[in-house]
Amino acid sequence: MTTEERRAKLYEMLQEEKVLDVNYIRDFFGVSAVTVRNDLIALERNSLITRQFGKALLKQRGINDKFETNTIKNLEEKEKIGKYAAKLVKPEEAVLIYAGTTTLQVARYLPENINLCAVTNSIYIANELKEHPNVKTVFIGGNFNGETGSTYGVEAIAQLGKFNIDKLFLAVCGIDTVNGVTSDQPFETDINIAMIERAREVIVVADHTKIGKVHFTTIGCLNKISKIITDAKTPEEEAEKFRALGIEVVTV
């Protein structure tokens, strides 16, 4: 049975049963847990199913509808970035994941069964983190931005002050070597800065459409950024500008 045939059969089974246990899927097809996970991710990308801990469900409308995988721009590039970034997370670390479709991929591709603390201001990322049973998820409260599904404001910043963060994965609207990080969400500037200040290591995850671009509000903080993970479509001359400032640039 080819991969396509197996996935088609799996979707057919879910149409009949509505929900299947991942161990049952593994045993039914005689494949590894990793293969099952990849199959489910592929079906989820096409908005056919949703994943929950230990289960696969026929697609229902829910919290992640705004970030449906088939509506995310440059999804292939963002998935590559997310997969690479997720491998940088070490067991027992405390990570902070800022709202965004690229950072959503970081959460999605965290190693299975990894033990860590994850803090986020995104309802979509918090929802994704529930798929990782050994991740202790902290959702930051505060004012709510319905457009991005994220929280911000004084209360959110006060919460951040309690946490010691090993790595921050930061999604950006734009980043260049003159203005640093910029955003089109003016009310979230302060929480961006607070997150950067709380993290020992700041990792920007941004596809090629964000590199060298400038948006409405300046956040800056280039001196705090240690690494930028982007895709291979980023012009090399743009990457070299950041490297000249001592920032590591990884293209995937």
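Which residue in strand 6 is the bridge partner of Thr 120? The points below answer this and go through three parts of the model, which is a predicted one.

1. The partner of Thr 120 in strand 6 is Phe 139. Strand 6 covers residues 135–139, and strand 5 pairs with strand 6 in the parallel sense over five bridges.

2. Thr 120 also has a bridge partner in strand 4. That partner is Ile 97. Strand 4 (residues 94–97) runs parallel to strand 5, and the pairing has four bridges.

3. The links along the chain between these strands include helices. Helix 5 (residues 101–108) joins with strand 4 and strand 5 in a β-α-β unit that is right-handed. Another right-handed β-α-β unit is made of strand 5, helix 6 (residues 123–129) and strand 6. Strand 5 therefore takes part in the unit with helix 5 and in the unit with helix 6.

4. Strand 5 consists of residues 116–120, and four of these five residues are buried, so the rest of the structure largely encloses the strand.

5. Asp 231 sits in a loop, with strand 14 (225–230) on one side and helix 9 (236–243) on the other. Asp 231 is buried, but it forms no salt bridge. The nearest side chain of opposite charge belongs to Lys 233, at 6.0 Å. A salt bridge would need a distance within 4 Å, so Lys 233 does not qualify.

6. Lys 233 does approach Asp 231 through its backbone. A polar atom of the Asp 231 side chain lies 2.9 Å from the backbone nitrogen of Lys 233. A student should keep this distance apart from the 6.0 Å in the previous point, which refers to the side chain of Lys 233.

7. Leaving aside residues up to four places away in sequence, Asp 231 touches Glu 77, Ile 81, Ala 206, Asp 207, His 208, Thr 251 and Val 252.

8. Helix 9 contains Arg 243. Is this residue buried, partly exposed or exposed? Its relative accessibility is 29%, so Arg 243 counts as partly exposed.

9. The side chain of Arg 243 makes a polar contact of 2.8 Å with the side chain of Glu 240. A polar atom of the Arg 243 side chain also lies 3.1 Å from the backbone oxygen of Val 249. With residues up to four places away in sequence not counted, Arg 243 touches Glu 236 and Val 249.

10. Arg 243 and Phe 187 are 56 residues apart along the chain, and 30 Å separates their C-alpha atoms.

Methods
Residues are numbered from 1 along each chain as its sequence is written. This is a predicted model: local features need pLDDT of at least 70, side-chain atom pairs count only at pLDDT 80 or more; totals for chains, interfaces and linings use all residues. Side-chain values use heavy atoms; hydrogens and water are left out. Helices (H or I, at least four residues) and strands (E, at least two) are DSSP runs, numbered from the N terminus. Buried means under 20% relative accessible area, exposed over 50%, partly exposed in between (1.4 Å probe, protein chains only). Lys and Arg count as positive and Asp and Glu as negative; His and the chain ends are not counted. A polar contact is a pair of N or O atoms within 3.5 Å; within protein, one must be able to donate a hydrogen and the other to accept it, and residues adjacent in sequence count only if both atoms are side-chain atoms. Contact means heavy atoms within 4.5 Å. Two strands pair if DSSP finds at least two bridges between them. A crossover is right-handed if, with the strands pointing away from the viewer, the path from the first strand over the helix to the second runs clockwise.
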